[in-house]
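Grab your viewer and work through these short exercises. Each one sets a task and then walks through a solution.

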Amino acid sequence: DNMYDIFKKYFWLIILVAIPAIGLWNFQTSPGFWFDEGILAQAAKNIAERGIYGIQVAPNQFYADNFWITTSYSLIFPVALFIKIFGASIWAVRSASLLYLTFFALVSYFFIKKLYGFKIAVLSSLLLATFSPLYGNGKAVLGEVPGLFWLISGALAYLTYQDKKERKFLFFSALFWGIGASTKPYYLLFGLSVLFILAFLRLTRKSVDLKTIILFLVIFSLPVFLWFYLSFDFSSWYKFQETLFFFLNSYGASSFEPLKNLLRFATESTPIHFTFLIVFILAALFAQKGGWRNINSAVAGFLIFIFVSFLWYLKTPGWYRYFFSIHVLAILFFPASLTAVAERIGDFFQKEKIVKTLGEAIIGALIIFQAGFLVINYNQFYNDSPLRLKEYAEKNISENSSVFIVNLPEVAFLLNYENLYQYIFINENLAIKSDIKEHSTDYIIAGSSDDKFILENKNLINLEYVLEQRIDHYAVYKKNIRKIF
């Protein structure tokens with residue numbers, strides 16, 4: 001009993017140690033530092049070093065129309081702070097993400113514990129800690145986990161308000177949910193959950209007056225409006241529209257295949273894992289005592305968010321990252337849901353103990369399966385080529401050389417050249433580039449040979465440059481003086 005009490009009291013410390021320990025394994029290279037991270041890291045770097053929120057496209061020239069940077073200040077500002085303290089490196093920028101990841105796991109534990117008790121919270125935490133994509137998305141400089149951290153923190157504050165009936169906790173939940181909703185465009189969908197929770201409060205708790213609800217909405221809106229202010233271009237109606245359409249379709253998809261995406265949940269392993277979890281979560285709505293009417297309004301808010309985000313996912317190109325957030329939420333609610341279903345079945349067949357043990361065995365088996373998968377596949381997306389390219393450049397490209405980087409924002413972040421030019425292709429309608437029409441730089445660093453820019457400028461590269469080095473898919477071209485003269 002004494003050991004159990006100690007375990008119960010200090011389990012949160014295990015989370016605080018285990019999550020960073022797993023995350024720090026091949027910290028810079030697994031997954032490899034990539035395109036999206038490069039954009040966010042550059043935005044943070046320019047804030048830290050120059051006080052400019054934007055991307056460098058030429059020496060002392062910045063593209064500061066930031067509507068296309070769809071992850072907000074809630075990640076970029078902390079990353080900028082880490083760069084300011086530790087300098088610009090993968091270690092620095094990913095440390096900010098790892099901190100978010102660790103505290104997300106921690107608040108999730110306290111949130112589930114407050115809802116369902118210690119035992120269920122431990123099972124949820126173990127399922128979360130062994131979920132492989134959590135580290136791929138969580139330690140990379142991406143907005144998904146920071147957004148979840150703020151949403152769960154808001155829910156924890158809301159549960160505290162339900163317990164203590166102190167309005168300050170309700171306003172804390174409004175602030176945290178507002179920051180969460182403003183982390184990425186699709187997190188704005190959580191606004192629907194917030195409206196549901198407010199309607200629930202107004203209808204069930206007459207003590208929550210209209211003044212409180214208006215103040216709640218004002219507090220919730222402030223972080224969202226700050227994000228709009230930093231991201232949207234209000235200079236003209238056309239620019240405003242451009243931002244809005246980009247937010248709705250940032251991946252530049254010309255056609256949508258909702259049926260194809262829907263079928264993934266019955267044919268592909270990661271979506272099937274999500275389907276398995278969600279089936280029990282939906283079954284638990286009716287299986288638990290008192291049925292769906294007994295569900296906590298915070299949980300109902302998350303279920304609304306899961307449903308709406310799922311519909312949003314169907315219109316995307318179908319990358320798993322686009323439903324990662326709701327997959328993680330499903331993991332958090334799964335142990336409590338399976339337990340509720342098991343209890344109902346046990347009651348029906350009058351075999352409570354056997355069925356409950358069976359339910360716990362299923363959760364345990366899933367944790368073991370996930371842990372095995374995590375260990376075996378941890379380095380699935382290992383890539384050290386950005387670091388090897390940085391090392392090559394530092395040895396072979398002099399500091400005063402001019403370098404043009406084609407569609408490799410992760411490389412532009414790692415290389416510290418004053419005479420740096422950059423071109424980033426986002427989609428068919430948007431490319432981030434310099435006003436300077438022609439680059440006659442000493443070096444061109446480009447990606448794979450089928451890159452759009454390389455194809456369009458084949459003659460320039462073939463005539464004026466010579467391939468000096470290839471590092472995996474990176475190609476370093478050097479200006480060929482002899483060919484010019």
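Helices (H or I, at least four residues) and strands (E, at least two) are DSSP runs, numbered from the N terminus. This is a predicted model, where local features need pLDDT of at least 70, side-chain atom pairs count only at pLDDT 80 or more, and totals for chains, interfaces and linings use all residues. Residues are numbered from 1 along each chain as its sequence is written, and side-chain values use heavy atoms, with hydrogens and water left out.

**Exercise 1. Work out which helix gives the most to the lining of the second largest pocket.**

Step 1: get the term straight. On a 1 Å grid over the protein atoms alone, a pocket is an open set of points where a 1.4 Å probe fits, with protein on both sides within 12 Å along at least five of seven lines; lining residues have an atom within 4 Å of a point.

Step 2: list the lining. It has 26 residues, and Tyr116, Gln288, Ala336, Ser337 and Ala340 lie nearest the pocket's centre. Helices giving two or more residues include H4 (90-116), H13 (269-287) and H15 (324-349).

Step 3: pick the winner. That's H15, with eight residues.

**Exercise 2. Find the salt bridge that Glu37 makes, and say what it ties together.**

Step 1: apply the cut-off, a side-chain nitrogen of Lys or Arg within 4 Å of a carboxyl oxygen of Asp or Glu. The count comes to 15 salt bridges.

Step 2: look for the partner. The side chain of Glu37 meets that of Arg94, at 2.8 Å from N to O.

Step 3: place both ends. Glu37 sits in helix H2 (residues 35-50) and Arg94 in helix H4, so the pair links parts 57 residues apart in sequence.

**Exercise 3. Track down two backbone oddities, at Pro31 and Gln350.**

Step 1: check omega. The peptide bond from Ser30 to Pro31 is cis, with omega near 5 degrees; Pro31 lies in the loop between helix H1 (2-23) and H2.

Step 2: check phi. Gln350 isn't a glycine, yet its phi is positive, at about 55 degrees. Its home is the loop between H15 and H16.

**Exercise 4. Decide how the radius of gyration of the protein fits the globule rule.**

Step 1: take stock. The protein has 21 helices and eight strands.

Step 2: compare. The radius of gyration (over C-alpha atoms) goes against a rule of 2.2 Å times the number of residues to the power 0.38. For 485 residues the rule gives 23 Å and the model has 25 Å, which is close, so the protein is as compact as a globular protein of that length.
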